[in-house]
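Visitor: Could we go through the metal sites of this model together? I will put up the structure first.
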Amino acid sequence: MISRLQLLILFLLYPGCVTESDPNERKWEITLLNVHNLNINDPSGLTVDASGDFLWTVSDMEGGHIYKISFEGHILGRLPYEGNDMEGITMNPNDHTLWVAEERLRQAVQLDTLGNVLQVVNVPVESTNINDGLEGIAINPENEHLYILNEKNPRAFIELNREMEVVRYELLNFEMPYFMQDLGGLFFDHINDHFWVVSDESAKIVVMDKNLNPFQYFDLPLTKFEGIAIDLTKDIIYLVNDEENKLYVYQLE
Ligand SMILES: [Ca+2]
Ligand SMILES: [Ca+2]
Ligand SMILES: [Ca+2]
């Protein structure tokens, strides 16, 4: 028998025998549990309420609304705020305020859960095509930094601090199998410091570490998924499809 100490010595003597992780090695799998119809036009962003009891989504239509929906896709409420082209939503669990990404206006808008606007932040992006703007938004509950995705041209990750200053700006131009044609939705896992990105056109989810290095991907059955939210207590992934107006539910294991 080789003792643990002997193994450790072998490991230290022969570091070359330690292989790097295979990019195709799957850490997790996802299994489709359910697909629910949504009576909402072009649902484009998704987040779990801080209570953990329901979801919030947005319609990207001009004059579109913010909706509270159940995990089965039933509409539980609608806020009076009328969006311009809302493509993302997140909730700050510390103060229970919502943040939406207004794509064409290049703005992050903070609202209370009655729909009153509290703050409007202009987000600097380089894209000149009006509909290649903000598509994803998430928040870090520890430092209250906002994470924002610009869809494409360029595919950018933008981090704003509490003062709403840009403190990180990175382009997400990955090689296969992590390549994404566009960036459609963002979820931040604050327990593991992972970023989950859904790409509409590439029909995939890519998971990145805190330094934005991708390490896992999942193929999705079709395009137009634009919102992603995860219930970390149950390892359930929720996705909304902008074209089908449907809510997809996956088990992560
Ligand atoms: Ca959309
Ligand atoms: Ca749009
Ligand atoms: Ca867009």
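Visitor: What spacing do the donors of the calcium ion (ligand 1) follow along the chain?
Guide: They follow S-x15-D-x26-E-x138-E-x15-D. Donors are N, O and S atoms within 2.8 Å of the metal (3.2 Å for Na, K and Ca), and water is not among the atoms, so sites may look incomplete. This is a predicted model: local features need pLDDT of at least 70, side-chain atom pairs count only at pLDDT 80 or more, and totals for chains, interfaces and linings use all residues. Side-chain values use heavy atoms, without hydrogens and water, residues are numbered from 1 along each chain as its sequence is written, and chains are lettered from A and ligands numbered from 1 in the order in which they are written.

Visitor: Which residues coordinate the calcium ion (ligand 1)?
Guide: Ser-44 (OG), Asp-60 (OD), Glu-87 (OE) twice, Glu-226 (OE) and Asp-242 (OD) do, at 2.2 to 2.9 Å.

Visitor: Are Ser-44 and Asp-242 buried or exposed?
Guide: Both Ser-44 and Asp-242 are buried (under 20% relative accessible area; exposed is over 50% and partly exposed in between, with a 1.4 Å probe and protein chains only).

Visitor: Now the other ion. What coordinates the calcium ion (ligand 2)?
Guide: Asp-85 (OD) twice, Glu-87 (OE), Glu-103 (OE) and Asn-131 (OD1) coordinate it, at 2.2 to 2.7 Å. Their spacing along the chain is D-x1-E-x15-E-x27-N.

Visitor: Which residue bridges the two ions, and how far apart do they lie?
Guide: Glu-87 bridges them, and the ions lie 4.7 Å apart.

Visitor: Why does Glu-87 count as buried?
Guide: Because its relative accessibility is 3%. Asn-131, by contrast, is partly exposed, at 33%.
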